[in-house]
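Open your viewer, put the sequence panel beside the model, and have the selection box ready. We will go stop by stop.

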Amino acid sequence: MFKMEVEKDLALALVEPKFASKYLAIVSNQRDYLSEWLAWPPHAKNEEFFLNFIKKSLHEYADGKSLVCAMMFQNEVAGNISFNTINHDLQKVEIGYWLRRDLQGKGIVSKSLSKLINYAFTELNMQKVEISAAVDNQASRSVCERLGFKQEGIITRAEKLNDRVVDHVIYGLSLNSVAQTY
């Protein structure tokens, strides 16, 4: 299985069925928090939901279309980070992530994202990394800006998040715009 060490006590591990119960426990305890910026938590009511997600993710990984990892902090599932899509024709990946509320502020997402960006550019030979975030999701936007992503535009009415429709800001980081940082 794919596993990548980010630093001591932080690693990225390809999703696997044993994570389903861990994901369910996180979502069951933090459903309202996660539902603020993610559409799926209200529907994640049992392990089967996550087993289906993991199975689909593993098939797409085998096909070279995505890479979905659990962020493992001190050997516990802390959240998820992924190349939601890997587009070999365009040499571009689209990244998504979420983190447990109680682990915010420890640099887990920023460090994990940096590691995945490096992997995209050096191992997958990608030319661009793209992230989409709700315009009002300041925490996610701050991560992008801190890591040197440039705002490329805003897509209005981009996603329905439970009871509201939100606009997305698109951030991009191109290989030719980074100076050996990654």
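What follows is a short walk through selected residues and elements, with a note on what to look for at each.

Before the first click, some ground rules: this is a predicted model, where local features need pLDDT of at least 70 and side-chain atom pairs count only at pLDDT 80 or more, while totals for chains, interfaces and linings use all residues. Residues are numbered from 1 along each chain as its sequence is written, and side-chain values use heavy atoms, with hydrogens and water left out.

**Stop 1: the annotated region**

Select residues 24–176, which an unreviewed UniProt entry lists as "domain: N-acetyltransferase". UniProt positions are given here in the numbering of this model, feature names are shortened, and such annotations may be inferred rather than shown by experiment. Over this range the chain is 34% helix and 37% strand, and its end C-alpha atoms are 40 Å apart. Helices (H or I, at least four residues) and strands (E, at least two) are DSSP runs, numbered from the N terminus.

**Stop 2: helix α2**

Now select 47–62, which is α2. Start at N46, which caps the N-terminal end of this helix: one of its side-chain oxygens lies 3.2 Å from the backbone nitrogen of E48. The 16 residues of α2 should span 22 Å at 1.5 Å a residue, and its end C-alpha atoms are 22 Å apart, so the two agree. The expected span is 1.5 Å times one less than the number of residues.

Which residues of α2 are buried? Show F50, I54 and S57 as sticks: these are the buried ones. They cover an arc of only 65 degrees around the axis, which puts them on the same side of α2. The arc is that of the directions from the helix axis to the C-beta atoms. An α-helix has 3.6 residues a turn, so residues three or four places apart point the same way. Here buried means under 20% relative accessible area, exposed over 50%, and partly exposed in between (1.4 Å probe, protein chains only).

Bring up α1 (20–35) and β3 next, as both are among the elements covering the buried residues of α2. Then turn the helix around: the face away from its buried side carries the exposed residues K55, K56 and A62.

**Stop 3: leaving α2**

After α2 comes G64, whose phi is positive, near 75 degrees. Click on K65, in the loop between α2 and β3 (67–73). K65 counts as partly exposed because its relative accessibility is 49%. Leaving aside neighbours within four places in sequence, K65 is in contact (heavy atoms within 4.5 Å) with E60, N84, T85 and I86.

**Stop 4: the start of β5**

Two of those residues come back at the next stop. Select K92, in strand β5 (92–99). Is K92 buried or exposed? At 17% relative accessibility, K92 counts as buried. Its side chain makes a polar contact with the side chain of E130, at 3.4 Å. A polar contact is a pair of N or O atoms within 3.5 Å; within protein, one must be able to donate a hydrogen and the other to accept it, and residues adjacent in sequence count only if both atoms are side-chain atoms. Beyond four places in sequence, the contacts of K92 are T85, I86, N87, M126, K128 and E130.

Step back to Q91, in the loop between β4 (76–87) and β5. Its phi is near 55 degrees, a positive value in a residue other than glycine. Q91 is partly exposed, at 32% relative accessibility.

**Stop 5: another positive phi**

Jump to D9, in the loop between β1 (3–7) and β2 (10–14). Phi of D9 is near 75 degrees, again positive in a residue other than glycine. D9 is partly exposed, with a relative accessible area of 37%.

**Stop 6: L38**

Select L38, in the loop between α1 and α2. L38 is buried, at 16% relative accessible area. Not counting residues up to four places away in sequence, L38 touches W98, L161 and N162.

**Stop 7: the cysteines**

How many disulfides does the structure hold? It holds zero (a disulfide being a pair of cysteine sulfur atoms within 2.5 Å). Select C69: its sulfur is 18 Å from the closest cysteine sulfur, in C144, too far for a bond. C69 is buried at 0% relative accessibility, and C144 is also buried, at 0%.
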